[in-house]
Amino acid sequence: MKLLRRRDPDTIATRRLELRPLAAKHARRIALLAGDFDVARMTARIPHPYTTAEAQAWLETLEPSEVVRGIFRGRTLIGACGYTLAANGSAEIGYWIGKPYWGRGYATEAATALVAHAFNGAGLARLTCGHLVDNTASARVIAKLGFRRFGFDRVWCEARGMWMPALRYELMKPADAG
């Protein structure tokens, strides 16, 4: 008799990826991938350099309003995604993919699954997101997901140590979604 591996209920599966909870054992890999300047400079909150201790501290200080999942290709952590719940019942999504995995559609695949989970699993009605204006790859992902631009912002980019212009987007839950 073959035993089937039971899937963690917190896992979101796609065709090629699994979005799973992160643990302390992932801190080193998070620091390695997210700490690459080309990754960190496209985010607001990831510093550069990014140490394992900083990644560990981030994991330990996630708030209950933050839903974060590692993006895994098989057993390999290749990025992270998640959303932060707002008091008004909406959430802000975010994601990053390690540089060795760029250009393979992983960000779009993971973000699509995250959006579906937020609308259907978590019952959210509105999602927001944004990207620094020079992050054209993220702009393409956001467009593929169907987000609509609603504004412009300036955000602090920790890796660059400066304020950066950013574009803001929203997506409403489709009427036919669970």
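Visitor: Which two side chains meet in a salt bridge at 2.6 Å, N to O?

Guide: Start with the general idea: side chains of opposite charge can pair when their charged atoms come close. This is a predicted model, and in it Glu-109 and Arg-16 make that salt bridge, at 2.6 Å from N to O. The pair ties together distant parts of the chain, with Glu-109 in helix α4 and Arg-16 in the loop between β1 and β2, 93 residues apart.

Visitor: Is Glu-109 buried or exposed?

Guide: Glu-109 counts as buried because its relative accessibility is 15%, and the cut-off for buried is under 20%.

Visitor: How many salt bridges does a search of the whole structure find?

Guide: Eleven. Take Arg-69 and Asp-10 as another case: their closest N and O atoms are 4.0 Å apart. Here too, distant parts of the chain are linked, since Arg-69 sits in strand β3 and Asp-10 in the segment before β1, 59 residues apart. The two ends of this bridge have their own labels: Arg-69 is buried, with a relative accessible area of 13%, whereas Asp-10 is partly exposed at 39%.

Visitor: Which residues are joined into one network by salt bridges that share partners?

Guide: Begin with one of the pairs. Asp-134 forms a salt bridge with Arg-41, and their closest N and O atoms are 3.9 Å apart. Asp-134 is in the loop between β6 and α5, while Arg-41 is in the loop between α2 and α3, 93 residues apart in the chain. Asp-134 is partly exposed, with a relative accessible area of 33%, and Arg-41 counts as partly exposed too, at 23%. Now follow the shared partners, and you get one network of Asp-38, Arg-41, Lys-99, Asp-134 and Arg-160.

Visitor: OK, on to the inside. Which residues touch the most other members of the largest nonpolar core?

Guide: The general idea first: in soluble globular proteins, nonpolar side chains tend to be buried together. In this model the largest nonpolar core has 54 residues, and Leu-127 and Phe-147 touch the most other members. Helix α4, residues 106-121, gives the largest share of this core, with nine residues.

Visitor: What is Phe-147 in contact with, leaving aside its neighbours within four places in sequence?

Guide: Try selecting Phe-147 in the viewer. Its contacts beyond those neighbours are Ile-93, Val-115, Leu-127, Thr-128, Cys-129, Ile-142, Tyr-169, Glu-170 and Leu-171.

Visitor: And how do I read a helix? Which residues of helix α1 are buried?

Guide: An α-helix has 3.6 residues a turn, so residues three or four places apart point the same way. In helix α1, residues 27-34, the buried ones are Ala-27, Ile-30, Ala-31, Leu-33 and Ala-34. The cover over those buried residues includes α2, α3, β4 and β5.

Visitor: How many disulfides does the structure hold?

Guide: A disulfide is a covalent bond between the sulfur atoms of two cysteines. This structure holds zero. For Cys-81, the nearest cysteine sulfur is that of Cys-129, 13 Å away, and a disulfide needs the sulfurs within 2.5 Å. Cys-81 counts as buried at 3% relative accessibility, and Cys-129 is buried as well, at 1%.

Visitor: Which residues make a nonpolar surface patch?

Guide: Trp-156, Met-162 and Trp-163 do, and the patch is about 330 Å². Trp-163 lies in strand β8, residues 162-172, and counts as partly exposed at 48% relative accessibility.

Visitor: What else is in strand β8?

Guide: Arg-168 is one of its residues, and at 15% relative accessibility Arg-168 counts as buried. Leaving aside neighbours within four places in sequence, Arg-168 has contacts that include Glu-92, Thr-128, Cys-129, Gly-130 and Asp-153.

Visitor: One last thing. How far apart are Pro-49 and Gly-70 in sequence and in space?

Guide: They are 21 residues apart in sequence, and 20 Å apart in space from C-alpha to C-alpha. Pro-49 lies in the loop between α2 and α3, and is exposed, with a relative accessible area of 59%.

Conventions
Residues are numbered from 1 along each chain as its sequence is written. This is a predicted model: local features need pLDDT of at least 70, side-chain atom pairs count only at pLDDT 80 or more; totals for chains, interfaces and linings use all residues. Side-chain values use heavy atoms; hydrogens and water are left out. A nonpolar core is a set of buried Ala, Val, Leu, Ile, Met, Phe, Trp, Tyr and Cys residues joined through side-chain atoms within 4.5 Å. Buried means under 20% relative accessible area, exposed over 50%, partly exposed in between (1.4 Å probe, protein chains only). Helices (H or I, at least four residues) and strands (E, at least two) are DSSP runs, numbered from the N terminus. Contact means heavy atoms within 4.5 Å. Patches are made of residues with over 30% relative accessible area and no salt bridge: like charges are joined within 9 Å, nonpolar side chains (Val, Leu, Ile, Met, Phe, Trp, Tyr) within 5 Å. Accessible areas come from the Shrake-Rupley method with a 1.4 Å probe; for residues, only the protein chains shown count as cover.
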